Amino acid sequence: MDSGVFDIILDYINIVFLVFTAVLFVMFSTMGYLASRNSFHYKNKNSFGDLSKIMASPLAPSITIIAPAYNEGMTIVENIRSLLSLQYVNYEVMVVNDGSKDDTLEKMILAYDLVKTERKTDPQCKSKPIRGIYKSKQRSFSKLTVIDKDNGGKSDALNTGLHLSESKYVGCIDVDCLLLPEALLHVVKSFSQRTKKRVVAVGGVIRVANSCVISGGTLEEIRLPKSWLAKFQLLEYTRSFILGRMAWGRIDSLLIISGAFGFFDREIALVVGGYDTNTVGEDMEIVFKMRRYMNDQNLAHTVEYIPDPLCWTEVPESAKILINQRDRWARGNLETLHKHREMFFNPKYGKLGMLSYPYWFFYEWLAPLLEFFGFFTIILFYFLGILNLAFFVAITLMVYTFSVMFSFYAILWDVYSYNQYKKTKDIFTLMLCAIVEPFMFHPLVVYAAVRGNFKKLFKINSGWGTITRKGFAKA
Amino acid sequence: MQITNVTYYSFPLINVTNIDVDLLWTLTFVFVGLAVLYVVFVLYLKNKLTTKSKKITKRKKELAFMLGDFLFYEEDATKKEKSNYINLKVEIRGLLKEKFNRELLSEILLDLYKDVSGETLQRLFKLYKDLGLHLDAFKKLRSWRWEVVSSGILELTQMQVMEAYGFATKFINDKRGVIRKQAEIATVTLKPEGISYFLDTTQYRISEWQQLKLLDVIRNIDDFQPPQFKLWLTSTNKDVVLFSLRLIKYYKQNDANASITQLVKHKNNQVKTEAIQCIKEFCIFEALDTLKNVFWKCSLDIQLLILDAIADLGKEDEIGFLQHVEKKSKAFVVKSKAISAINAIAPETIMPTEGMDEKLKNESPEVPFVEVEEEIIYEIQNQDNNELSPFEGIDKERILGFEVESEEISDLPAKIVMDDIIEEFLESGDTLLDKGDSIELEFLPLIVEDISQSDSKIGLSEIGNEVPETKEEEIDNKEVSNLNVTYEEITAEPSSNEIVENMENISDNPQPEDKPLKLEFIPLVVANEVENDREDFTEPTLLDCLDYLPHESVFKQLFFERENHNKILLLNTIQDIGSKHEIELLKEIVNTEENMPIKERALEILNDISGKKHHYIKAEARLIDNDELKSGSVFKRLFYAGDLDSKLMLLDEIAAWGDDKELTFLNTLIEHPIQEIRERALHAKEKLQNRLFPEEKINVGYQENDQGKRGEEHVEANVIETEPKLNFVMDKELGSPQQKHKIIQDSTNNSGELMPLEFCFLLDDLEIKPPKTDTVLDVDFEFTKGFSGNQVNDNYNQRALISTEEQKEQDSFLKQWLSFPAKILNKFNG
């Protein structure tokens, strides 16, 4: 190849990387700023009033919490108990047993004195057949409904719940998540406080519960995880939820709500057809779908984000499980972006189309791929003798220090907002994680993303995988 | 040099910005600097938060203590207390000079506000004002920061500073949302007329959340006299209309029917929803036409609400509309709701059609003589306890006919339908009744026709008197009693001799406690003859039925033809309704039956019915009475329960302590196949005779058989049981009073199953039944460590420490017992 052309190609590659990095810096800095403002605002705004006074109001809207359960026999009884102890007057817990192969259903029946009830189901509901709908004979568990159905995956189970629920709002959560007692009050407030826009969905921050002390379904003591992998994920979640989503929420451009803690306006969720059963990123897809629908209908709407730590979950402590999880996230991301590609730089969708979608495309989907190929390019350049070492070292260090600085900023806001890790040692541990993360944790995430994309692009069948949870520390 | 500093060159195609590496380094250092700064911030923030928190906590403790004295100060206090009070006031005044303390005091009072009530709360408000803290709150209202203004309004509202009402109302239409919302709450809270003012003047929308909070405020105001909220139904602010509707519904102000009806046509769905709910709540019948008119223009949820309202308020005139909806609507939920509404107005207008059996779908119901057929299904559960348990779901509310269908649940091995059994012996011409024990069959309409002549099937609705009377049964009885009843002759034809015999038995064996025999169940229904003459009804007693009672067990033939599990069930039936006629059958079963559980069940029932204790001796395959045992040697039972060593020891004891009863017993042992026993028995007998009859000398010797061998063992193994149950539950605590019976097993073939003699006593004393030793896991009990360790040892040590080393080495019961937890653990550990 002509060396001139080769040089041009190299230079354009450099330009792409540079622009990419520069935009990343700008975006992240902006996000930091927006997140800070939103945090201030949220803190001030929510310092008034006592939520608990509202919990028994006759005007309290109804909420159904849908919790799909698949082979959760070990923890299902305790998890339901936790869900039943939430502070709210008008809610229902709907556990959808998605054809578990273990004794999940039997344990529920035994523990909650369930009996099969007769109830007609909507024939238009395309979910897998329902085997039975169970209610408790005991009044104390009257909020509980258990649906037993054939296995169809998480989305299918959630759709069943969506169809069977009669509440105004539905919450889709992971059954093994721990919700704080006041969680529903926050959710209802978020749904109800807007007057100009219809709140179609409410999401919240997911906190890492590994090593925390849980007793009787309530969080007794917050502790930093013992596992380093969990610590890295804690830092990652802090960055993502405290800065990332807070910022997107500030400019009303949230396009994702975590599947572990997401609440929806049931009417809109049903209108858009519920969860997509053909994707593993159903939590992201439904938000895309709802927002698109509202946009297409010219209906003012928004997605609310609650930064209060209301939902606690256990994160993987094994690299294998983590990779599987991130692999799935990458595939889900790609599937959703592909399905809603019409939004890409489409001014019709406003900030969603011009900012949010492109961010997801470039920095959530493409970035890991670029990183991966960039890494090999550097090696290639080095062996070809065309790597400008001084430049390489300078730019690598710059990117590295930026990432560390950004993580520190996230820790700062976490301390300012919630200050949950009381020990100074814990803060230093998190900072240490921020320093070593780019070398130890980030490569894993990049690898998982590349693997997920590879599987998706080459149509290698892959499902959800399994996540083995160790269970919360009991007091 | 240029090459090292500049990465990008200029190309003719496009000019690429040259990036100076030094810039990158500069940025790197900036980021490092920022990172360090953040670390410092984090540490500072953390330190500040911790210090502040500590300081606040400490100061709050001090101030809360002082405030407590203020709040609970009594007017009629002593001089000293008054003096202290004044000093305290001065002290607090001094503290109030600091802004931090004032803020803290406000905070404490606001905290206390949540926890106190009544007079103390009023004092709290007074104190707040006395300390001049409300002035600080008023100052906040002048701030440019929305959060400060809002907190000022909140403070004044919570401390019930009435003077703040005027200030609050000024903010009611403030463009800053948080301030506005606080002002709205203040307006409504501070004065009763605040709600009217708010509804009159608010120009902004009222969020759902705000409505919720406002309602919460007004429903917590004491003696609140709500204004006529219908006045705001004409507001141009749709949220005011909506909120008013909700308030109308909450305060049940049903004097605005026309307005509410009109609001069903509102373009806003929420207003529509509330209006429909009001219509339903206040039963506004005149709104039905409006509801029907708007129905097809409404969203799905509203349609459902309308149908709900029609179901509640509608009459048969609405059925046409509902049917139309059911046909036309495409939404499943709407169709379903329409059907349910039709059925709510006119019950059972639309019958279920889904899931019907195609074969039965078109069949018209058979109505024999009466209107409804009775279908009673008996389900007998072959539980561990082998008790008859009736199927719970006797779901028929009316019993009008007497054709009973039996339904066999063949796929449930543990369940059979009782009708089969009943039918069989009815076909044999017998009835279930006998003259034995009191039979209470209060449960059923026993409908008996002339069995020999009628084709009608006859069934019992219940067997056994242990079944609690359910509601359904009450209904059944009521309905049955309302039927016109004629007592039909029952044409079973026992011979006159048998009747006499039965009569004699009855007179010989009067019922315990002289209870009249109850046969309340015999309203004998003859077809559907109508005679409303209940006075003629006299409850038949057992004597009335004696003529028809059989003399031999009706179960005999049935029993020996049955499968094992059915035999158990039949035995249960015998236990429930059997009489002394069954004794012979039971004895026969005990002696001939090979299946041990059946045999033991039969023995148990035999003991129940006969009133005597029978025992089964396995080796001889015969029954012996308890009396027979009682008259024998007291050592006999212990002897057969013990192991070889125990037996030998026992023989020595017999020699030392026995009396003439033991001689007979020893005679039987002289032919014992075990030489040691034979010898020891002979020796014991000799000794005993010498002791009892010192004058006589009796020669005893071994009897030899033809082959010159010693006599065969006469008793191979005896099972002496007072309760023939195989499985039992051992209480965790030794000596539980629940364990009244003993099972002592003896098998010379398996020495491992034998017990040392002292254990026989020990177990007797502790009232423990030893487990069946087939497999260790057959035992249904739990061990605790304490039990397996200390408790057993303690008990044992007190009573049975004489056990020899040899006994320990054997696989004794104790050893098994102690090793049980280990075995269980091993099983679990695979």
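A:Asn71 counts as partly exposed, because 16 C-beta neighbours lie inside 10 Å of it, and 20 would be needed for it to be buried. Keep in mind throughout that this is a predicted model. A:Asn71 is not a glycine, yet its phi is positive, about 50°. Where is A:Asn71 in chain A? In the loop that runs between β1, residues 63–69, and α2, residues 76–84.

There is a second residue of this kind. A:Ser211, also not a glycine, has a positive phi of about 75°. Its loop is the one between β8, residues 198–208, and β9, residues 213–215, of chain A. Is A:Ser211 buried or exposed? A:Ser211 is buried, because 20 other C-beta atoms lie within 10 Å. That number just reaches the cut-off, which is 20 or more.

Back to β1 of chain A, the strand before the loop of A:Asn71. How many of the 7 residues of β1(A) are buried? The count is 7 of 7, so the strand is largely enclosed by the rest of the structure. You can check this face by face. On one side are A:Ile63, A:Ile65, A:Ala67 and A:Ala69, and on the other are A:Thr64, A:Ile66 and A:Pro68; all of these are buried, and both faces are covered.

Now the partners of this strand. β1(A) runs parallel to β2(A), residues 91–98, and 7 bridges join the two. To find one of these on the screen, take A:Ala67, whose bridge partner in β2(A) is A:Val95. Together with α2(A), these two strands make a right-handed β-α-β unit. β1(A) also pairs with β6(A), residues 169–173, again in the parallel sense, over 4 bridges. There, A:Ile63 has A:Tyr169 as its bridge partner.

A:Val95 comes up again in the next topic, the nonpolar cores. The largest core has 202 residues, and those touching the most other members are A:Val95, A:Leu179, A:Val287 and B:Ile153. Which helix gives the most to this core? It is α11 of chain A, residues 389–417, with 14 residues. Another core lies apart from this one; it has 15 residues, and B:Phe635, B:Tyr640, B:Leu650 and B:Ile654 are among them.

B:Ile153 deserves a separate look. If we leave aside neighbours within four places in sequence, its contacts are B:Leu141, B:Ala168, B:Phe171, B:Ile179, B:Gln182, B:Ala183 and B:Ala186.

Next, where the chains meet. Chain A brings 45 residues into contact with 42 residues of chain B. On the chain A side, the elements giving two or more residues are α1 (3–45), α5 (183–192), α11 and α12 (424–440). Which of them has the largest share? That is α11(A), with 16 residues. So far, then, α11(A) has appeared twice: as the element that gives the most to the largest core, and as the one with the largest share of this side of the interface. By class, the side of chain A that touches chain B has 25 nonpolar, 12 polar and 8 charged residues.

Last, chain B as a whole. Chain B has 36 helices and 8 strands. Of its 830 residues, 31% count as buried. Taking the contacts in chain B between residues at least 6 apart in sequence, 68% join residues at least 24 apart.

Key: Residues are numbered from 1 along each chain as its sequence is written. Chains are lettered from A and ligands numbered from 1 in the order in which they are written. This is a predicted model: local features need pLDDT of at least 70, side-chain atom pairs count only at pLDDT 80 or more; totals for chains, interfaces and linings use all residues. A nonpolar core is a set of buried Ala, Val, Leu, Ile, Met, Phe, Trp, Tyr and Cys residues joined through C-beta atoms within 7 Å. A residue is buried if 20 or more other C-beta atoms lie within 10 Å of its own, exposed if 12 or fewer, and partly exposed in between; C-beta atoms are placed from the backbone. Two residues are in contact if their C-beta atoms, placed from the backbone, lie within 7 Å. Ala, Val, Leu, Ile, Met, Phe, Trp, Tyr, Cys and Pro count as nonpolar, Asp, Glu, Lys and Arg as charged, and the others, Gly among them, as polar. Two strands pair if DSSP finds at least two bridges between them. A crossover is right-handed if, with the strands pointing away from the viewer, the path from the first strand over the helix to the second runs clockwise.
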